[in-house]
Amino acid sequence: MTKDEAHYPPVDPVKAGLRGRCPRCGEGALIEGLLGVKPRCSVCGLDNSFADAGDGPAVFVILIIGFIVVGLALWLEVNYSPALWVHLMLWIPLSTVLSLALLRALKGLMIALQYRHKAAEGQIDRG
């Protein structure tokens with residue numbers, strides 16, 4: 001990532017990331033489509049080539065949504081013992097919708113935190 005010479009007021013990375021906004025100006029869209037990262041901010045022109053969320057957001061989504069859905073499914077099974085089709089009709093759509101919504105928000109958050117803390121790929125000094 002190159003040094004950012006522009007003068008912008010500090011942006012809260014959590015707020016900007018969860019809303020899917022540019023980590024530098026907080027105004028332009030960061031996420032394009034469902035999960036794609038825009039190449040540049042349409043407002044401040046920030047080059048988003050540094051953005052690499054990797055598998056981090058997906059791991060958090062699996063853990064969070066898994067905890068919620070499995071907990072609710074166990075609660076429902078213990079208290080009401082519904083038929084298997086009830087579980088399928090409840091948990092598959094809920095898991096899908098929550099996962100997609102949370103994945104988008106966490107990807108934006110991860111990229112905003114990368115920008116804020118100037119995180120970059122590790123390099124070996126061969127001096």
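This report walks through a predicted model of one protein chain, from its overall build to single residues.

## Overall build

The chain holds three helices and two strands. Read from the N terminus, the order is α-β-β-α-α. Helix H1 covers 13-19 and strand S1 covers 31-32. Strand S2 takes residues 36-37. Helix H2 spans 56-80, and helix H3 spans 84-116.

The chain is not packed as a compact globule would be. For 127 residues, such a globule would have a radius of gyration near 14 Å, whereas the chain has 19 Å. Along the principal axes, the C-alpha atoms fill a box of roughly 60 × 40 × 20 Å.

Burial can be put in numbers too. Of the 127 residues, 29% count as buried. The exposed surface comes to about 8,700 Å². Carbon and sulfur atoms supply 64% of that surface.

Contacts also reach along the sequence. Take the contacts between residues at least 6 apart in sequence: 51% of them join residues at least 24 apart.

Charge is the last global item. The chain carries 12 positive and 11 negative charges. Their mean positions are 6 Å apart.

## Two nonpolar cores

In soluble globular proteins, nonpolar side chains tend to be buried together. Here the largest nonpolar core has 12 residues. Four cysteines belong to it: Cys22, Cys25, Cys41 and Cys44. Leu30, Ile31, Leu46, Phe50, Ala51 and Ala53 are also members. Ile111 and Tyr115 complete the set.

Cys25 shows how this core is wired. Beyond its neighbours within four places in sequence, Cys25 is in contact with Cys41 and Cys44, as well as Tyr8, Val11 and Val43. Another core lies apart from the largest one. That core has nine residues, including Val61, Leu76, Trp91 and Leu103.

## From the H1–S1 loop to strand S2

Several residues here link parts of the chain that are separated in sequence. The table lists C-alpha to C-alpha distances for four pairs.

| Pair | Apart in sequence | C-alpha distance |
|---|---|---|
| Gly26 and Pro10 | 16 residues | 8.9 Å |
| Leu30 and Gly20 | 10 residues | 5.3 Å |
| Ile31 and Gly17 | 14 residues | 9.6 Å |
| Gly36 and Lys107 | 71 residues | 9.6 Å |

Start with Gly26. Gly26 sits in the loop between helix H1 and strand S1. Is Gly26 buried or exposed? Its relative accessible area is 9%, so Gly26 counts as buried, the cut-off being under 20%. Not counting residues up to four places away, Gly26 touches Val11, Arg19 and Arg21.

Leu30 lies in that loop between H1 and S1 as well. With a relative accessible area of 0%, Leu30 is buried. Its contact list, leaving out neighbours within four places in sequence, spans several regions. Gly20, Arg21, Cys22 and Pro23 are on it. So are Gly36, Val37, Lys38 and Asn48. Gly108 and Ile111 are on the list too. Ile111 is also a fellow member of the largest nonpolar core.

Ile31 is found in strand S1. Ile31 is buried, at a relative accessible area of 6%. Which residues does Ile31 contact, leaving aside neighbours within four places in sequence? They are Gly20, Gly36, Lys38, Arg104 and Gly108.

Gly36 lies in strand S2. Its relative accessible area is 29%, and Gly36 is therefore partly exposed, because the partly exposed class runs between 20% and 50%. Outside its neighbours within four places, Gly36 is in contact with Leu30 and Ile31.

## Two unusual backbone angles

Most residues other than glycine have a negative phi. Two residues in this model depart from that pattern. Ser81 is not a glycine, yet its phi is positive, at about 45°. Where is Ser81? Ser81 lies in the loop between helix H2 and helix H3.

Lys118 also has a positive phi, about 55°, without being a glycine. Lys118 lies in the segment after H3. At 65% relative accessibility, Lys118 is exposed, because the cut-off for that class is over 50%.

Key: Residues numbered from 1 in each chain as written. Predicted model: local features only at pLDDT ≥ 70, side-chain atom pairs only at ≥ 80, totals over all residues. Heavy atoms only, no water. Helix = DSSP H or I, 4+ residues; strand = E, 2+ residues; numbered from the N terminus. Rg over C-alpha atoms; globule rule 2.2 N^0.38 Å. Buried < 20%, exposed > 50% of the residue type's maximum accessible area, 1.4 Å probe, protein only. Contact = heavy atoms within 4.5 Å. Areas by Shrake-Rupley, 256 points an atom, 1.4 Å probe, with all protein chains shown as cover. Lys, Arg positive; Asp, Glu negative; His and termini not counted. Charge placed at Lys NZ, Arg CZ, Asp CG, Glu CD. Core = buried A, V, L, I, M, F, W, Y, C linked by side-chain atoms within 4.5 Å.
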